[in-house]
Amino acid sequence: MDTLINTNTKAHDEKRQGEAFAPFVADKNEYRKLFYIESYGCAMNFADSEVVASILQQHGYGATLNFESADLIFVNTCSIREKAEATVSKRLTEFRKLKKSNPGLLVGVLGCMAERLKEKFIEQERLVDLVVGPDAYRSLPGLIEEAETGQKAVNVLLSRDETYADIAPVRLNSNGVNAFVSIMRGCNNMCSFCVVPFTRGRERSRDADSIIKECTSLFEDGYKEVTLLGQNVDSYHWVATQNFGQNEGYEKPVNFANLLEKVALISPLLRVRFSTSHPKDITDEVLFTIAKYDNICNYIHLPVQSGSSRILQLMNRTYTREWYIAKVNRIREILPDAGLSTDMITGFCTETEEDHQQSLSLMEYCKYDLAYMYFYSQRPGTLAARRFEDDVPEDIKKRRLQEMVNLHRKNTLQSMQRDVGKTCRVLVEGFSKKTPDELQGRNDQNKVVVFPKQNFKKGEYVFIKITACTAGTLIGTAVDI
Ligand code: SAM
Ligand code: SF4
Ligand code: F3S
């Protein structure tokens, strides 16, 4: 994962923006139709595309990586910032043009933009043939048949209980080492800047047993790392009812700490990551669980959004600067070596230079290993859009973002330099970007480590002594421990 961002998009998202995935290139003769799917946005959206692929494959559709040979093109979309939506709109127009040479082609918009802009997509006669929200993917096969008759097929109903728990995602374009596992959907927090509660609906947790089953089967298939996904994983809550015959039984709630432990116990060789933690919900129990198991990564993504208590209140984040700092101190106390990362927004409504300086000083205090930084993008319908004026001019938002990026660059380089001389355990994910003579993986703190290949392979754990670094990468050589 990248460490530095100087645009309004998450670096790791940006690299993956618009990625098309297919487990294989299907033979057209074996399937009723071929589909192509392109994904934008957060990891949860990419995980959803794997659910979509599974549903489509079960109904006789085969995946292709080549949109020109596809009968169905799906774009799984993101609404988080205006720029994300603009990119997708352009892409949909491009796909629409393919209809001239392939009149039977159907184009579908999935995900958060489908949910947010449903009316627009329904009204814009010819732009798309299917509009399907994040909770309606089970209805895709029926909707495709409806669209084949020439009608626009739409399902944007949000659900209170859909978690796709029983669907085994088809791992698209996987490296066979890391996999995302959704543990919950939706969000009940109402951060005033954020569109997610509107596009993804109410928070709901997935059946714990189905999560353990999915992680176990990934491990049996050779995967070595799972990332448990949710907008707010620390509020995971599942009540399992266990029955022992007539009238006997008890309810056993599973919280996030319990779930982490259950996944960690699948095998010490299965690494467990998770994202995202809301500072208000992460508990000591979770921190102690991370400390207890070597295979739960020592890394917490703890988005703060701003360093000013006044702005945090306007953002409805429900904590103050001081409260957040106390939480970071507690993390450092229980997990002294933990990697820490954050999300930050510059130029939120009414943000002054003083508020901005408080964000910078908070970053200086927390010394994040990784930060995703954005300038504020007003989203229609959100609390902030309804209540506050988007009054910080764009050039000031961007200048503040650049200052933040510069500060973070300095801090992250120092964080990397502190690791030089240390030895860490790295899970090998594949070749380095530069040369096939080197491998690349990540350590416990989620830092990218590059080292000479020797005879090591993807999926192996290797101890690496760090000898040098850049702001984004640790460089080292394998050692025996
Ligand atoms: N659920 C996570 C949390 O509570 O932090 C993250 C959700 S969101 C998908 C990822 C990040 O996008 C947020 O943490 C925030 O920094 C950023 N973001 C969300 N809405 C935004 C907006 N309107 N303008 C700029 N950045 C935004
Ligand atoms: Fe958006 Fe806040 Fe929910 Fe995160 S916790 S998804 S920022 S509303
Ligand atoms: Fe984007 Fe939806 Fe994720 S708005 S960030 S794809 S939840």
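**Figure 1. Thr-64, a buried loop residue.** Thr-64 counts as buried, because its relative accessibility is 1%, under the 20% limit. The model shown here and in the other views is predicted. Thr-64 sits in the loop that links β3 (61-63) with β4. Its side chain has two polar partners to look for. One is a backbone atom: the Thr-64 side chain reaches the nitrogen of Asn-66 at 3.0 Å. The other is a side chain, that of Ser-69, with a polar contact of 3.4 Å.

**Figure 2. Strands β4 and β5 side by side.** The loop of Thr-64 leads to β4. Strand β4 covers residues 72-77 and runs parallel to β5, with six bridges joining the two. One of the bridges pairs Thr-77 with Gly-111 of β5. Strand β5 spans residues 106-111. Six of its six residues are buried, so β5 is largely enclosed by the rest of the structure.

**Figure 3. Strand β11 between its pairing partners β8 and β14.** Strand β11 spans residues 225-229. Strand β8 (residues 178-182) pairs with β11 in the parallel sense, over five bridges. In this pairing Val-181 stands opposite Leu-228 of β11. Strand β14 (residues 271-275) also pairs with β11, again parallel and over five bridges. Here Glu-225 faces Arg-271 of β14 as its opposite residue.

**Figure 4. The two faces of β11.** In a regular strand, side chains alternate between the two faces of the sheet. From β11, Glu-225, Thr-227 and Leu-229 point one way. Val-226 and Leu-228 point the other way. Residues on both sides are buried. With five of five residues buried, β11 is therefore largely enclosed by the rest of the structure.

**Figure 5. Ser-341 in strand β16.** Ser-341 belongs to β16. Its relative accessibility is 0%, so Ser-341 counts as buried. The side chains of Ser-341 and Tyr-299 are joined by a polar contact of 2.7 Å. Ser-341 also touches Ile-300, His-301, Leu-302 and Pro-303, and its contacts further include Tyr-368 and Leu-370. Leu-370 lies 29 residues away along the chain, yet the C-alpha atoms of Ser-341 and Leu-370 are separated by 4.5 Å.

**Figure 6. Strands β16 and β17.** Six bridges pair β16 with β17 in the parallel sense. Asp-343 stands opposite Tyr-372 of β17. Six of the six residues of β17 are buried, and the strand is mostly covered. One side of β17 carries Leu-370, Tyr-372 and Tyr-374. The other side carries Ala-371, Met-373 and Phe-375. Both faces are covered.

**Figure 7. The surroundings of ligand 1.** The shell around ligand 1 holds 15 residues. Those that come nearest are Phe-193, Gln-231, Gln-305, Asp-343 and Ser-377. By type, the shell divides into seven nonpolar, four polar and four charged residues. Three N or O pairs mark the polar side of this view. A polar side-chain atom of Asp-343 lies 2.5 Å from an oxygen atom of ligand 1. A backbone N or O atom of Gln-231 is 2.9 Å from a nitrogen atom of ligand 1. An N or O atom in the Arg-317 side chain is 3.2 Å from an oxygen atom of ligand 1. On its own, ligand 1 has 560 Å² of accessible area, and the protein covers 94% of this. The elements that give two or more residues to the shell are β16 (339-346) and β17 (370-375).

**Figure 8. The surroundings of ligand 2.** Cysteines around ligand 2 are Cys-187, Cys-191 and Cys-194. Other residues around ligand 2 include Asn-189, Phe-193, Val-196, Pro-197 and His-278. Gln-231 and Arg-317 are also among them. The shell divides into six nonpolar residues, three polar and one charged.

**Figure 9. Ser-192, buried in a loop.** Ser-192 lies in the loop between β9 (184-185) and α7 (196-200). Ser-192 counts as buried because its relative accessibility is 2%. Its contacts include Leu-314, Met-315 and Asn-316. Ser-192 also touches Phe-348 and Phe-388. Thr-382, Leu-383 and Ala-384 are further contacts of Ser-192.

Note on methods:
Residues are numbered from 1 along each chain as its sequence is written. Chains are lettered from A and ligands numbered from 1 in the order in which they are written. This is a predicted model: local features need pLDDT of at least 70, side-chain atom pairs count only at pLDDT 80 or more; totals for chains, interfaces and linings use all residues. Side-chain values use heavy atoms; hydrogens and water are left out. A residue is near a molecule or strand if one of its heavy atoms lies within 4 Å of it. Ala, Val, Leu, Ile, Met, Phe, Trp, Tyr, Cys and Pro count as nonpolar, Asp, Glu, Lys and Arg as charged, and the others, Gly among them, as polar. Helices (H or I, at least four residues) and strands (E, at least two) are DSSP runs, numbered from the N terminus. Buried means under 20% relative accessible area, exposed over 50%, partly exposed in between (1.4 Å probe, protein chains only). Contact means heavy atoms within 4.5 Å. A polar contact is a pair of N or O atoms within 3.5 Å; within protein, one must be able to donate a hydrogen and the other to accept it, and residues adjacent in sequence count only if both atoms are side-chain atoms. Accessible areas come from the Shrake-Rupley method with a 1.4 Å probe; for residues, only the protein chains shown count as cover. Two strands pair if DSSP finds at least two bridges between them. Lists of a residue's contacts leave out its neighbours within four places in sequence.
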